[in-house]
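Biologist: I am new to this one and would like to understand the words people use for it. Could we look at it together?

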Amino acid sequence: MGFHRLFKQLRDHDPVHWNADGVEPGFWSVTRYEDYLRVQKDPTSFSSAATNVLGPHRWHGDEGSGRMLTHTDPPRHTELRQLVSRSFTPRAVASLEPYLRSVISDALDGAIADGECNFVDVVAMLPVASIAALMGVPQEDWGLLLRLTGAAFGSADQDFQTSPSARATAAQAHAQLLLYCQDLMRQRREAPREDIVSRLVEAERAGHLSEEDAMLFFDVVMLGGNETTRHGAVGALLAFVEFPDQWQQLREDRRLLGSAVAEVLRFVSPSRHVLRRAVRDVQLRDRTILAGQDVVVWHASANRDERTFADPDRFDITRTANPHLGLGAGPHYCLGAALATLELSVFLDELCRRVSAATLLDRPTQLSSTVINGYKHVRVQLHSSEQVGSGDTAGSQRSRDAEGRARAAVAQP
Ligand code: HEM
């Protein structure tokens, strides 16, 4: 059964569901929108300190526990967030726009020229370039960071494992990210710049952070912003393939970019879930969650809750009431929200400008991950706007007829 059918069943019949011990310790699954908010907005009952995602690491404990931004509760969490929040305001990130536009337009033009591409690779550099610019990472290291964040996040998928086990792969990638940051911090101590690593060095000097905590901070921001945005962009393309009328509408009216980005975040839900640990016994519907038990809130399900969203399985870029949870909710609401929104907006705008249609050449292969809703391969042919009216698009029409949604055109000329 597909993810979304399973979630619908849970929302309808068992909205607070106990998943027994298996490859990892047991946990509650919360699938309705209203319950999601209840958990996310109550850090005094549902703590982030132990860990914040599913995984076998829960048998052993999490290295960043109680120290990393994502793994703390207020008031420490509020203090940590304030150290860097001014680097993430809409105003602070707006200056990146021309730069991001050039990164994504080069990538799209390259993919069009190549004839066919793996779209997962085409959009990979957009988030890396964004975060690297904010952090102060030099361009020659972007490829390395892309590989490490992929291994750290997607390590449950065998294709990304560089060690015998998922746990070892993730640990190795995290360790390399931490050491990379340590080196960059050393450079910034000598010559500070206008970047986040310099801000972490400042915070360390002022006694707000240890060096190790600063390194963990780097790790969490690098991870939080890379794979999520990348797979948000891939998911957007696939959504437009599935709903070509929406693509046509956006190409005709770019004033819809804002609501299109919100709909991508709702419909795709690049981050599938987050996890909290109950610090006291809590009643949630007819279930008693015991202190010490883990509770998983599924954005992917809450974002399709028919109690909140009309016709939730329809991708509709004109949705006006769209209180989506794609970027979370409560104190841990995505720190990079303004950047993520800018990146996706620039991406969709340039896609509209440069690409008239896309043909899926194979069935996309999904990343094996409960954390990220993403893909390993999305083999696609992008048709340049300049080719509109050529035989390519007719080819797309033929393949759509033949294979339905697995092989479709994004738009008609
Ligand atoms: C489409 C792209 C993105 C999605 C879907 C996304 C999703 C999320 C979600 C759901 C959370 C909440 C985590 C929780 O409740 O524990 C979160 C937190 C966070 N995100 Fe994002 N994110 C995206 C992009 C970014 C970017 C671009 C950055 C940074 C450059 C970033 C940095 C962070 C950080 C640091 C946190 C932790 C905040 C905290 O614990 O206070 N994210 N994100």
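Modeller: Gladly; what follows is a talk through some labels for this predicted model and the reasons behind them.

Biologist: Let us begin with the metal. What makes Cys334 a donor to the iron atom of the ligand?

Modeller: The SG atom of Cys334 lies 2.3 Å from the iron. A donor has to be an N, O or S atom within 2.8 Å of the metal, so this sulfur qualifies. Cys334 is the single donor that the protein offers, and this residue sits in the loop between α14 (299-302) and α15 (337-354).

Biologist: Why is Cys334 called partly exposed, while Cys352 is called buried?

Modeller: Cys334 has a relative accessible area of 24%. The partly exposed class runs between 20% and 50%, so Cys334 belongs there. Cys352 has 3%, and because buried means under 20%, that label fits Cys352.

Biologist: How many disulfides turn up in a search of the whole structure?

Modeller: Zero. A pair would need its cysteine sulfur atoms within 2.5 Å, so the search found no pair that meets this limit.

Biologist: Now the sheets. Why are β4 and β9 said to stand at the edges of theirs?

Modeller: That open sheet has three strands in the order β4-β12-β9, with antiparallel pairing. β4 (117-118) and β9 (355-360) each have a single partner strand, so one side of each is without a neighbour in the sheet.

Biologist: What makes β4 and β12 count as a pair?

Modeller: Two bridges join β4 to β12 (residues 379-384). At least two are required, so the pair qualifies. In one of the bridges, Cys117 has Val380 as its partner. β9 and β12 are joined by five bridges, also antiparallel, and there Ala358 is matched with Leu382.

Biologist: How do you know that β9 is mostly covered?

Modeller: Six of its six residues are buried. Buried means under 20% relative accessible area, so each of those six falls below that value.

Biologist: Which strands are at the edges of the five-stranded sheet?

Modeller: The order is β1-β2-β8-β5-β3, an open sheet with mixed pairing. β1 (16-19) and β3 (46-47) are the edge strands, each pairing on one side only. β3 is joined to β5 (residues 273-278) by two antiparallel bridges, and Phe46 stands opposite Ala278 there.

Biologist: What is unusual to look for in the backbone?

Modeller: The peptide bond from Pro74 to Pro75 is cis, with omega near 10 degrees, and Pro75 is in the loop between β3 and α3 (76-84). Arg285 has a positive phi of about 55 degrees although it is not a glycine. Arg285 lies between β6 (282-284) and β7 (287-289). With a relative accessible area of 36%, Arg285 is partly exposed, because that class spans 20% to 50%.

Biologist: Last, the second largest pocket: what makes up its lining?

Modeller: The space there is about 820 Å³. Of the 28 lining residues, the closest to the centre are His4, Glu242, Phe267, Arg304 and Tyr375. The lining divides into 12 nonpolar, six polar and 10 charged residues. α1 (3-13), α11 (211-242) and α13 (257-268) each supply at least two, and α1 gives the most, with six.

Key:
Residues numbered from 1 in each chain as written. Predicted model: local features only at pLDDT ≥ 70, side-chain atom pairs only at ≥ 80, totals over all residues. Heavy atoms only, no water. 1 Å grid on protein atoms, 1.4 Å probe; cavity = no way out; pocket = protein on both sides within 12 Å on 5 of 7 lines; lining within 4 Å. Points joined across faces, edges and corners; volume = space filled by probe spheres on them. Helix = DSSP H or I, 4+ residues; strand = E, 2+ residues; numbered from the N terminus. Nonpolar A, V, L, I, M, F, W, Y, C, P; charged D, E, K, R; others polar. Donors = N, O, S within 2.8 Å, 3.2 Å for Na, K, Ca; no water. Buried < 20%, exposed > 50% of the residue type's maximum accessible area, 1.4 Å probe, protein only.
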